[in-house]
There are 2 protein chains.
Amino acid sequence: MTGNESARRHTRDDVAETALRILDDYGLPDLTMRRLAAALDVQASALYWHFPNKQTLLAELADRIVGRAAVPAAGAGADWPDRVRGEAAALRDALLAYRDGAEVVASTAALGLGGAPAQQRLEAAVRSGGFDDETAARAATALLHFVLGHVSHEQQRMQFDSIGVLATGEAADPLDETDSAAAFAFGVDLLVGGLHRLRDASAPAAADRPEEISRSRT
Amino acid sequence: MTGNESARRHTRDDVAETALRILDDYGLPDLTMRRLAAALDVQASALYWHFPNKQTLLAELADRIVGRAAVPAAGAGADWPDRVRGEAAALRDALLAYRDGAEVVASTAALGLGGAPAQQRLEAAVRSGGFDDETAARAATALLHFVLGHVSHEQQRMQFDSIGVLATGEAADPLDETDSAAAFAFGVDLLVGGLHRLRDASAPAAADRPEEISRSRT
DNA sequence: ACCTGAACACCGTTCAAGT
DNA sequence: ACCTGAACACCGTTCAAGT
């Protein structure tokens, strides 16, 4: 026995979980409807009873991937910058947990299909700093774009390192996880710093109670 | 006569420019090797004399798209934040100039193939603020990820609006260019603000000469 | 409710051979 | 130097029909 192709008749959940396994084991380019069907011991056409098309399947995978993101144990004493950092880090970890996870989420988030919960969590974290809704929404999308772009890049390099393909000639850096994490934290800190600065600008003195803070210029 | 399928025998440049035209007219999913060959009045296999594979073709397109980005007329009196904002805006315009431009650049930038010049221009702008090389490099990648993510999203919505596909039910906002531009500027300002704050932190008083500024924590 | 079988309309890429 | 022709090994999706 090679997998979970046990007793015929599958559920939507089976299909999604098997797809996640293929994704993680072989990567997004190898996640085809025909390969997925074969893993389920079924004809490709059978998949269309569970999902109307591949796009919808991928959106479901995106939801599951970000849905597995840990809720940062913020404790009681977490201020808003740490909440934002915590959500960003949890999201990064969730994306890294599946091969090509960032690309799956990015491709469906762009369509407004998946990744919505991810943005909402980031948004809530920003709003806890007392920023108005539009500022929080925009900051959250900026954060999300950075996170998805960074982790996509990170995962692409992982594949290249394992395949041994070097594009730029040179012996391109072998992708140190410590470096990646530091570069990630730097980007998040830049955005958080920008928010901090927004707050300071709108409340020059006594700038420490989390009230409503207006956006810069409209 | 329908296009540029004139007198046989094409150059690499022909192929790339025709590909750009198909990209702009029909979008990335319709830019197939076979379609491109047909537009050139040639067999698909002929394209492989000019480019080793589709990936390389796309990298070439990415280079041409970002290569067409205007050099912001910064004048003499431009400070570093305006230089950064100017480069980011020029890059956005360049991506918007071709349908699916952001996705093309993003897909190849992730592979370390295309988009390198874009990053370098952003990096130079940041460095003009007196930041050290690693800070400038990291800030530039953060900016690039945001720009690519934002414009990809923007262009995806453009397609959906024109096709009339609404994912989230609701009558999803019809993508106001003014709003998009404002959200873009907000994101860039957040990153620029973060850099500003980095500088202020390392030079608490008399913080206005552009010297070397060290990165926060390593 | 869940799947088969067969088909439709495609893909990217390779390679011997032509001019 | 640049291209043809034919093939290889695939794709996603539809649809009548089966159980």
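The exchange below covers one helix pair, one helix end and the surface near a DNA strand in a predicted model.

In this predicted model, local features need pLDDT of at least 70 and side-chain atom pairs pLDDT 80 or more, while totals for chains, interfaces and linings use all residues. Residues are numbered from 1 along each chain, chains are lettered from A in the order written, and side-chain values leave out hydrogens and water.

Biologist: Why are α1(A) and α4(A) called roughly perpendicular?

Modeller: Their axes, lines fitted to C-alpha atoms over the stretch in contact, cross at about 80° and lie 10 Å apart. Roughly perpendicular covers 65 to 115 degrees, so the two helices qualify.

Biologist: What makes up the contact of α1(A) with α4(A), by class?

Modeller: Residues including A:Leu20 and A:Leu23 in α1(A) meet residues including A:Leu57 and A:Ile65 in α4(A), where contact means heavy atoms within 4.5 Å. The contact has seven nonpolar, no polar and five charged residues.

Biologist: How do you know that B:Asp176 caps the N-terminal end of α9(B)?

Modeller: A side-chain oxygen of B:Asp176 lies 3.0 Å from the backbone nitrogen of B:Thr178. A polar contact is a pair of N or O atoms within 3.5 Å, with a donor and an acceptor inside protein.

Biologist: Which residues are closest to DNA strand C?

Modeller: They are A:His10, A:Gln43, A:Ser45, A:His50 and B:Arg34, among 16 that surround the strand; near means a heavy atom within 4 Å. A phosphate oxygen of strand C is 2.5 Å from a polar backbone atom of A:His10, and another contact puts a polar side-chain atom of B:Tyr48 2.8 Å from a phosphate oxygen.

Technical notes: Axes are lines fitted to C-alpha atoms, for helices over the stretch in contact, and angles run from 0 to 180 degrees between N-to-C directions. Helices (H or I, at least four residues) and strands (E, at least two) are DSSP runs, numbered from the N terminus. Angles under 35 degrees count as roughly parallel, over 145 as roughly antiparallel, 65 to 115 as roughly perpendicular and the rest as oblique. Ala, Val, Leu, Ile, Met, Phe, Trp, Tyr, Cys and Pro count as nonpolar, Asp, Glu, Lys and Arg as charged, and the others, Gly among them, as polar.
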